[in-house]
Amino acid sequence: MAEKLKIAVAGLGRMGAIHALHAHELARETQTCELVAVAEPDVERARRLLTLIGHEIPVFPSVDALAESRICSAAVVVTPTDDHREHAAALVRAGYRVMLEKPLTGTLEADRAFAVELDREHPESLMLAFQRRFDEPLHYAKKLMESGAIGRVFKIFSALEDSNPAPNGYKSGGILPDMAVHNVDEILWLTGRMPDKALAIGSRIYSHALTTSLEDFDDALLCLWFGEDLLAQVQVSRNHVSGYRVETIIFGEQGQIHVGRFDQRLAEITVEAYGPRGRSEPLAFQTFLMRAYNRPLPEFIDRFGAAYKAELAAFIECCRRNAPFPVTHRDGLRAQQVISAGMQSMFGAANATDLK
Ligand SMILES: NC(=O)c1ccc[n+]([C@@H]2O[C@H](COP(=O)([O-])OP(=O)(O)OC[C@H]3O[C@@H](n4cnc5c(N)ncnc54)[C@H](O)[C@@H]3O)[C@@H](O)[C@H]2O)c1
């Protein structure tokens, strides 16, 4: 039997609080781990959360203090994106295996430099937290697709739309690296391919009037071209006022698979597949119940709670078995390469066609 993994969570904001809760739950439910510490400069915030989950453990005021402590061998880094590289690197250098929230660093230049550093010195130390890869409805859709149910896939549409702008103080490097990175990784994971070209456009509607979290755009479209046989389109927004929208449609020559048709209910996610026109029955129709936390939480947790927990369980198992991670910095870099190509097309204008 592999030993219990001693684990810490660094950064206890919106997302870190959930990772800490899940680590504590997994410790009780599976005895595979133990949440032994957290790192958070807002010590009061950390103490409030630990009291809420009923688990009193040391609070380190910084990631460096956590790294020096050697109190455990693994950590989840959930600090602001601008600090990802510094915090993850400090822990990795101190010998920790790290699960780092997305995006890797938020910029292509820093991603490349960090990936080179990791590949050279710590190639197996970092798991990147792309929770969609652990989401049951998306897994089911991927299996359907790979079974050939809808024939050869030629197009994917993937939407991620918040009902509100990011909260005051949230630091975003732009709507594409912050949000679309999820969709891009999903598309690369589903297809196993990198696009040849990316093209993006964005608009600024009203988020800037509502929050101090300044972003380049609050609505954006990103088109990916994989050659003659495959296209993908990503739609991200902070303005989907009807509610959190996470939809994926996979189009094949023999039908389509739709994950999460928007209907304002995040508690039930349906995957439905339809064959060619004229068939009366769906090829597949399955509803997945999402976890109820029974307290107000950010909307992404209502949709992806179980996926975040499954992702953490996978991280813990890999650490315990000393196995490679299923998602790494290389996946983060690939997604950012696509995002950056899209942003370049938006800002660079060199090969854009001006219709005015
Ligand atoms: N996978 C997802 O769906 C998802 C959803 C939300 C956020 N995220 C990612 O998680 C990260 C955090 O986002 P958030 O919304 O939780 O932000 P947040 O601002 O709510 O939380 C960040 C926390 O980090 C703390 N912090 C800052 N410096 C620190 C340091 N040196 N050591 C320890 N803690 C420090 C802050 O005090 C704060 O509590 C971002 O990179 C974001 O992209 C991912």
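## Strand 1 and its neighbours

I7 stands opposite A74 in strand 4. Here a strand is a DSSP run of E with at least two residues, a helix is a run of H or I with at least four, and both are numbered from the N terminus. This is a predicted model, in which local features need pLDDT of at least 70, side-chain atom pairs count only at pLDDT 80 or more, and totals for chains, interfaces and linings use all residues. Residues are numbered from 1 along each chain as its sequence is written, and side-chain values use heavy atoms, with hydrogens and water left out.

Strand 4 covers residues 74–77. Strand 1 pairs with strand 4 in the parallel sense, over 4 bridges; pairing requires at least two DSSP bridges between the strands. Strand 1 also pairs with strand 2 (residues 33–39), again in the parallel sense, over 6 bridges. In that pairing, I7 stands opposite L35. I7 thus has a partner in strand 2 and another in strand 4.

Strand 1 spans residues 5–10 and is mostly covered. Of its 6 residues, 5 are buried, where buried means under 20% relative accessible area, exposed over 50% and partly exposed in between, with a 1.4 Å probe and protein chains only. Strand 1, helix 1 (residues 14–30) and strand 2 form a right-handed β-α-β unit. Right-handed means that, with the strands pointing away from the viewer, the path from the first strand over the helix to the second runs clockwise.

## The ligand site

The ligand is surrounded by 25 residues, counted when a heavy atom lies within 4 Å of the ligand. The closest are R14, E40, R45, H84 and Y308. A polar backbone atom of M15 is 2.9 Å from an oxygen atom of the ligand. Two side chains reach ligand nitrogen: a polar atom of H87 lies 3.2 Å from a nitrogen atom, and a polar atom of Q131 lies 3.2 Å from a nitrogen atom.

## H87

H87 sits in helix 4 (residues 84–93). H87 counts as buried because its relative accessibility is 14%. Its side chain makes a polar contact of 2.9 Å with the side chain of T79. A polar contact is a pair of N or O atoms within 3.5 Å; within protein, one must be able to donate a hydrogen and the other to accept it, and residues adjacent in sequence count only if both atoms are side-chain atoms. Leaving out residues up to four places away in sequence, H87 touches V63, V77 and T79, with contact meaning heavy atoms within 4.5 Å.

## Cysteines

The structure holds 0 disulfides, a disulfide being a pair of cysteine sulfur atoms within 2.5 Å. What keeps C33 from a bond? Its sulfur is 10 Å from the closest cysteine sulfur, in C319, and therefore too far away. C72 is in no disulfide either, and the nearest cysteine sulfur, that of C319, is 10 Å away.

Both C33 and C72 are covered. C33 has a relative accessibility of 1%, so it counts as buried. C72 is buried too, with a relative accessible area of 10%.

## Strands 8, 9 and 10

Strand 8 (residues 197–203) pairs with strand 9 (residues 219–225) in the antiparallel sense, over 7 bridges. Strand 9 runs antiparallel to strand 10 (residues 231–237), also joined by 7 bridges. L224 marks both pairings. It stands opposite A198 in the pairing of strand 8 and strand 9, and L224 stands opposite A232 in strand 10.

Strand 9 and strand 10 form a hairpin with 5 residues between the strands. There, G227 takes a positive phi near 100°.
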